[in-house]
Amino acid sequence: MTFEVNFVTYRGLYRTVKTEKLNVPTKDGRRCILSNHMPIVLPLTVGVVNISVDKNEEYYAITDGMLMFENNQATVLADSIIDVKDIETDRIRHKLEEAQLKLERADNENDIMMAKMSITKALNKLKAKNKYGRL
């Protein structure tokens, strides 16, 4: 049995998919949601969301966010969401280098925090592409 998942960023709806299984990253580990799961709200961490339909897997790199599930309708709300197939490795490596330079030059707590988050996001995308991008 399938259910609908809406991937949403601050820019609006990124994608809607039907899935049999939704697997999300949380600070306590990965959580799997199947159809008819009880209503739940979960905080999500930087990581990879995967969905499964007819034994075909799709993977999405996300930043921190929230998962809301009720009445066989899931919403993954995150600052950024990208299908792993769409990740451009060279572009992300360039962003990683820029973030590392910003961290080296940072002179206040806010700049340090922002640079570290940029590094975390870039590394997540590179790891996701390396692990799931060739499937």
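How many nonpolar, polar and charged residues does the lining of the largest pocket have? We will get there in Exercise 3, after some warm-up.

This is a predicted model, in which local features need pLDDT of at least 70 and side-chain atom pairs count only at pLDDT 80 or more, while totals for chains, interfaces and linings use all residues. Residues are numbered from 1 along each chain as its sequence is written, and side-chain values use heavy atoms, with hydrogens and water left out.

**Exercise 1. Find the order of the strands in the open sheet, and follow the pairing around β6.**

Step 1. Strands are DSSP runs (E, at least two residues; helices are H or I, at least four), numbered from the N terminus. Two strands pair if DSSP finds at least two bridges between them.

Step 2. Read off the order: the five strands run β4-β3-β6-β7-β10, with antiparallel pairing. Because β4 (29-34) and β10 stand at the edges with a single partner strand each, one side of each has no neighbour in the sheet.

Step 3. Now look at β6 (residues 47-53), which pairs with β3 over three bridges in the antiparallel sense. With β7, β6 makes seven antiparallel bridges. I51 is a handy marker: it is the bridge partner of L22, and in β7 its bridge partner is E58.

Step 4. Check the turn. β6 and β7 form a hairpin with two residues between them, and D54 in that turn has a positive phi of about 50°.

Step 5. Is β6 mostly covered or uncovered? Six of its seven residues are buried (buried means under 20% relative accessible area, exposed over 50%, partly exposed in between, with a 1.4 Å probe and protein chains only).

**Exercise 2. Compare three salt bridges by their distances and surroundings.**

Step 1. Start with the rule: a salt bridge is a side-chain nitrogen of Lys or Arg within 4 Å of a carboxyl oxygen of Asp or Glu. The whole structure holds four of them.

Step 2. Take R15 and D83, whose closest N and O atoms are 2.8 Å apart. R15 sits in strand β2 (residues 12-19) and D83 in strand β10 (residues 81-83), 68 residues apart. D83 is buried at 4% relative accessibility, whereas R15 is partly exposed at 27%.

Step 3. Next come K21 and E57, with closest N and O atoms 3.8 Å apart. K21 is in β3 (residues 21-26) and E57 in β7 (residues 56-62), so this pair ties together parts 36 residues apart in sequence. K21 is partly exposed at 24%, and E57 is partly exposed at 32%.

Step 4. Finally, R93 and D90 have closest N and O atoms 4.0 Å apart. They are separated by about one helical turn because they lie three residues apart in helix α1 (residues 89-105). D90 is exposed at 64%, while R93 is partly exposed at 42%.

**Exercise 3. Describe the largest pocket and its lining.**

Step 1. On a 1 Å grid over the protein atoms alone, a pocket is an open set of points where a 1.4 Å probe fits, with protein on both sides within 12 Å along at least five of seven lines; lining residues have an atom within 4 Å of a point.

Step 2. The volume is about 660 Å³, meaning the space filled by probe spheres set on the points, which are joined across faces, edges and corners.

Step 3. Of the 25 lining residues, S80, R91, K95, K121 and K125 lie nearest the centre. The elements giving two or more residues to the lining are β10, α1 and α2 (109-132).

Step 4. Back to the opening question: the lining has 11 nonpolar, three polar and 11 charged residues. Here Ala, Val, Leu, Ile, Met, Phe, Trp, Tyr, Cys and Pro count as nonpolar, Asp, Glu, Lys and Arg as charged, and the others, Gly among them, as polar.
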